[in-house]
Amino acid sequence: MFSTFLSLLSPDSLSLSHTTTSHFSPTMNGVIARKLYVNVSRLKVRHKPFCTDAATRVSGSNCGQPSPEHKETHDLSNNIQHYDIAIVGGGMVGMALACSLASMPLTKHLNVAIIDSNPALGSRPYFNKEDPPDPRVSTVTPATISFFKDVGAWQYVEQHRHAYFDKMQVWDYTGLGYTRYNAQDINKEVLGCVVENKVLHGSLLSCIENTDFQKTIYPSKLSSMTLPPSPSSLGMDSTSSRPPLSSQRHLAKLELSDGNSLYTKLVVGADGGKSCVRELAGFKTTGWNYSQNAIICTVEHTVENGCAWQRFLPAGPIALLPMGDNFSNIVWTMNPKESTNRKLMNEDEFVKDVNNALDYGYGPHPTSSLFGSGEMFSWPRAGVTLSANDCFEVPPKVVKLASERMVFPLSLRHASDYVSKHVVLIGDAAHTVHPLAGQGVNMGFGDAFALSRVIAEGIAVGSDIGEVTVLKKYEAERKPANIMMMGILDGFQKAYSVDFGPLNILRAAALHGAHFISPLKRSIISYASGEQKLPLFT
């Protein structure tokens, strides 16, 4: 409808008739016509792509490999490719943004460049079902699952290995407290799903390959970024008419490590915790290292594991996450020295340590009251009868190590700002968190969904998608939510880093409260599931 309306308001059709505008001079008629056309044109969703057919598309086995014509085009300084959006980082969060843009009517016509040197972007995903699960996994929340379904990617996840879980148990090494969560507490079928990162990434790739979205893969790295000067430095006032958006002086210029260059209206930094975009754009960060490492690996049981388990130990939490087919994933936080020792120890000793950490090691099993028959925590459970689903259980024994052990350091980082003119940060480029609740990637997916929606809203009203006033809406939505989640996770990390009698009792009281106070339990589950913004009573 917009295009029909614009055709009626073209400069030719806007030559106002003499019968209706006889009181205007011919010169005045022309001025009015041109101004009206310019104003309406600014509302138009631009469908015409900047990119030529020589650019590399994500399709088939040639994905990510520039053709000779592509290379020749990029070598001409006066014919550098132009894009609406350049996503730097083609990992899970970057590809989630691309899929979300491809799925919405107002953004599916945008011309997008994806810059990432990962060779996985240049080939079709392939997974051997006979291989054990990769140790790099993510626990996706119901909110993230809904997002994947909305963009059309979840159907590809379900074609590969994944493990839904409907219950979770958390307990303290002191034996003073525990809590169990069940999906039925919030009238849901599942609390989450554990999926290998390569399956999530491959599903997003498969999703975007099956669209006609205009995307270009650059198998390279970002070397430099030149942002356009402000309008004031160009001698423009805020009331002057904008020049065409395709004008190079109003676009960001990216130079890549392979010699290619491109112009874009908006640069999205989705390039991880050591973001090059964040550094080049001058975003400041705050944060600290935890002096902790995490060991991740895949383990095997003799029975199926259908529950997510997490026990807080003196040096950090250990999590046992279901992977299906009698496999589970281990995420074990500890000090750097311990992580080095456990990575190098033989497999039998490591399996023994894992079972010890998940059973009687460091302390006894919790009971439903403090000190067995004590009454200190009887008040929150007065009149409550524990069902079988609420009683403490011991996790299934690990019988075999099924993958290599990988170690990585833990830290907290947060960008002071998420946006500036023509630049926006999402995912780990904006925030990194402790993995104790598995929320990091869910926060990134939330960023991707929110940003795509804000871009669509900007297009709907004719705004420049690189303008700060548009991008600030994304920051206003995501920054408070991310800070809240980061604060909670950091608080847990610090609370369980101290072995002190009175503090142990307070932690146990908190676990008992979360277990026996139904409104609190429902609120915690809803918040962790991504379906409630703040952990308040509902």
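Helices (H or I, at least four residues) and strands (E, at least two) are DSSP runs here, numbered from the N terminus. I note that first, as my entries lean on those names.

**Setup.** I'm working on a predicted model, where local features need pLDDT of at least 70, side-chain atom pairs count only at pLDDT 80 or more, and totals for chains, interfaces and linings use all residues. Residues are numbered from 1 along each chain as its sequence is written, and side-chain values use heavy atoms, with hydrogens and water left out.

**Whole chain.** I looked up the secondary structure and got 14 helices and 20 strands. Of the 538 residues, 50% are buried (under 20% relative accessible area; exposed is over 50%, partly exposed in between; 1.4 Å probe, protein chains only). For contacts (heavy atoms within 4.5 Å), I took those with a separation of 6 or more: 78% of them join residues 24 or more positions apart. The chain exposes about 24,500 Å², with 55% of that supplied by carbon and sulfur atoms. Accessible areas are Shrake-Rupley with a 1.4 Å probe, and for residues only the protein chains shown count as cover.

**Loops with odd phi.** Most residues other than glycine have a negative phi, so I went looking for exceptions. Tyr362 has a positive phi of about 75 degrees. I find Tyr362 in the loop between helix H10 (347–358) and strand S16 (400–401), partly exposed at 42% relative accessibility. Asn326 also has a positive phi, near 65 degrees. Asn326 sits in the loop between S14 and S15 and counts as partly exposed at 22%.

**Cavities.** S14 and S15 came up again here. A cavity is a set of points, on a 1 Å grid over the protein atoms alone, where a 1.4 Å probe fits but cannot get out; lining residues have an atom within 4 Å of a point. Points are joined across faces, edges and corners, and a volume is the space filled by probe spheres set on them. The structure holds two cavities of 30 Å³ or more, and I opened the second largest, which has about 30 Å³ of space. Gln310, Pro317, Ile318, Ala319, Val331, Thr333, Pro435 and Leu436 line this second largest cavity. Strands S14 (316–324) and S15 (327–334) are the elements giving two or more residues to that lining, and S14 has the largest share, three residues. By type, I get six nonpolar, two polar and no charged (Ala, Val, Leu, Ile, Met, Phe, Trp, Tyr, Cys and Pro are nonpolar; Asp, Glu, Lys and Arg charged; the others, Gly among them, polar).

**Asp447 and Asn482.** Is Asp447, in helix H11 (residues 440–460), buried or exposed? It's buried, at 0% relative accessible area. The side chain of Asp447 makes a polar contact of 2.6 Å with that of His431 (a pair of N or O atoms within 3.5 Å; within protein, one must be able to donate a hydrogen and the other to accept it, and residues adjacent in sequence count only if both atoms are side-chain atoms). Neighbours within four places in sequence aside, Asp447 touches Ile426, Gly427, His431, Tyr474, Arg478 and Asn482.

I followed that last one. Asn482 belongs to helix H12 (residues 468–495) and is buried at 1%. Its side chain makes a polar contact of 3.3 Å with the side chain of Tyr418. With neighbours within four places left out, Asn482 is in contact with Tyr418, His431, Met443 and Asp447.

Key
1 Å grid on protein atoms, 1.4 Å probe; cavity = no way out; pocket = protein on both sides within 12 Å on 5 of 7 lines; lining within 4 Å.
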